[in-house]
Amino acid sequence: MTVTFLFSDIERSTDLVRRVGDGAFAAIRADHHRLLRQAFEAHGGEEVDTAGDGFFVAFGSARDAVRAAVSAQQALAAHAWPDGAPVRVRMGLHTTEPHRTVDGYVGLGVHRAARICDAAHGGQILASQATAGIVEDAELSGVELADLGEHSLKDLPRRQRLYQMTAPGLPKGFDRPRTREAAAKTPGVATFLATDLVRWHQFVRRLGDEVSAAVVAGYYAAMTKAIEDANGTVLERVGDTVLAVFGQPGEALWAAIGARAALAGIRWPAGQECELRIAVHSGRWSGDPRRPAASTALVRLHRLGQLVEPGQVLVSHATAALLEGDRSGPDLRDLGERKVPEFDEPVHLYELALPAA
């Protein structure tokens, strides 16, 4: 049985709640749900699940799934939303042969469709090569396909070729898909994370270069996995320091938690376990991974790193401000103002509330 899955999600819904308030957002979300359900039902969609601001819908035909996605986006674009509260919905489509149980659909195809949705921007429809091939052969009236090339999507082993679908009344000009590669290459505000090992130099002197090199290779692998699992990109690995960039501040905090857990799984020489220190700071980013040192934000991150205690994740006020109102992320403890080396004024800092090791 071949099925085309459609996933959708409201872009920046947390920001929208902050802007309009809980009551107004409830009304906005009700209109959003009504418009999408009308489009999905009109084209034979089966609503599999609704979680928060998103839909998971199954279609027996890729053509019907595309028609439903286009119709839904056109309805959203034409709707009179409250001033200052535009609703932009990202959508992802994938055609596959899933396994169905009494609890619903399972299989890699479900995850692939969800990750394609994650890569889309608000107002954009992205599709896999499997779906795009069927639609291209069907020559749907008014629907245009644009090949966006191959991209690495979270949790998927191979790069995925993505296609953008557009139709009359829908925007066409979007940035590159929202992937780790895009986060590392898009200028603007980003969040940086730096890890280092406590007393690493003593470790090297005791064990020598050969043993230390083998241990640090395992450390690099563990940190890289934790960073990439949280949708980050490693910029630099030097000595015992790993530097990474994230498109969203919450991703950096989840990476910090993952890195701390990963450290516990490293096989250290007997009696030589190392503790981890992590600093997190948000600021302007050039978008050039080849020149990470060019960013002023990284200078501040380095200064912040000098204050981190063993086992601690220290977070700057800039990152905490970006997270304000986001209840989906880890908790922060307010540490008040601290004196930072080479800064003229004290800096407000926070500590990530870490789960027990």
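Residues are taken as buried under 20% relative accessible area, as exposed over 50%, and as partly exposed in between. The model described here is predicted, and D31, with a relative accessible area of 25%, is partly exposed on that scale because its value lies between the two limits.

D31 belongs to one of the salt bridges in the structure, of which a search of the whole model finds 14. Side chains of opposite charge can pair when their charged atoms come close. The side chain of D31 meets that of R34 in such a bridge, with an N to O distance of 3.5 Å. The two residues are three apart in helix α2 (residues 22–42), which means that about one helical turn separates them. R34, like its partner, counts as partly exposed, at 38% relative accessibility, with D31 at 25%.

A second salt bridge, between the side chains of D64 and R67, has an N to O distance of 3.4 Å. Here too the residues are three apart, in this case in helix α3 (residues 62–78), and they are separated by about one helical turn. D64 is partly exposed at 27% relative accessibility, and R67 is partly exposed at 36%. In helix α7 (residues 200–229), K225 and D229 are four residues apart, again a separation of about one helical turn, and they form a salt bridge in which the closest N and O atoms are 2.7 Å apart. K225 is exposed, with a relative accessible area of 53%, whereas D229, with 34%, is partly exposed.

Helix α2, which carries the bridge between D31 and R34, has 21 residues and spans 30 Å from its first C-alpha to its last, close to the 30 Å expected at 1.5 Å a residue. Its buried residues are F25, I28, H32, H33, L35, L36, A39 and F40, and these pack against β1, α1 (13–20), β2, β3, α3 and β4. Just after the helix, G44 adopts a positive phi of about 75 degrees.

Several of these packing partners are strands of an open sheet of seven strands with mixed pairing, arranged in the order β2-β3-β1-β4-β7-β9-β8. Its edges are formed by β2 (46–51) and β8 (144–151), each of which pairs on one side only, and the twist from one strand to the next averages 20 degrees. Within this sheet, β4 is largely enclosed by the rest of the structure, because eight of its eight residues are buried. In a regular strand the side chains alternate between the two faces of the sheet. Both faces of β4 are covered, with V89, M91, L93 and T95 buried on one side and R90, G92, H94 and T96 buried on the other.

Strands of a sheet pair through backbone hydrogen bonds, either parallel or antiparallel. Strand β4 pairs with β1 in the antiparallel sense over eight bridges, and L6 stands opposite L93 in β4. On pairing with β7, by contrast, β4 runs parallel to its partner, and three bridges join the two, with M91 opposite I125 in β7. Strand β7 (residues 125–128) in turn pairs with β9 (residues 160–166) in the antiparallel sense over four bridges, where S128 stands opposite L162. Helix α4 (residues 108–119) lies across β1 (3–10), β3 (54–59), β4 (89–96), β7 and β9, and runs at about 150 degrees to β4.

Another open sheet of seven strands, also mixed in its pairing, has the order β11-β12-β10-β13-β14-β16-β15. At its edges stand β11 (233–238) and β15 (332–338), each with a single partner strand, so one side of each is left without a neighbour in the sheet. The twist in this sheet averages 25 degrees from one strand to the next. Strands β13 (residues 276–285) and β14 (residues 313–316) run parallel and are joined by three bridges, and V313 in β14 is the bridge partner of I278.

Two helices lie across strands of this second sheet. Helix α7, which contains K225 and D229, lies across β10 (188–197), β11, β12 (241–246) and β13, running at about 15 degrees to β12. Helix α9 (residues 296–305) lies across β10, β12, β13, β14 and β16 (347–352), and its direction is at about 155 degrees to β13.

Technical notes. Residues are numbered from 1 along each chain as its sequence is written. This is a predicted model: local features need pLDDT of at least 70, side-chain atom pairs count only at pLDDT 80 or more; totals for chains, interfaces and linings use all residues. Side-chain values use heavy atoms; hydrogens and water are left out. A salt bridge is a side-chain nitrogen of Lys or Arg within 4 Å of a carboxyl oxygen of Asp or Glu. Buried means under 20% relative accessible area, exposed over 50%, partly exposed in between (1.4 Å probe, protein chains only). Two strands pair if DSSP finds at least two bridges between them. Axes are lines fitted to C-alpha atoms, for helices over the stretch in contact, and angles run from 0 to 180 degrees between N-to-C directions. Contact means heavy atoms within 4.5 Å. The expected span of a helix is 1.5 Å times one less than its number of residues.
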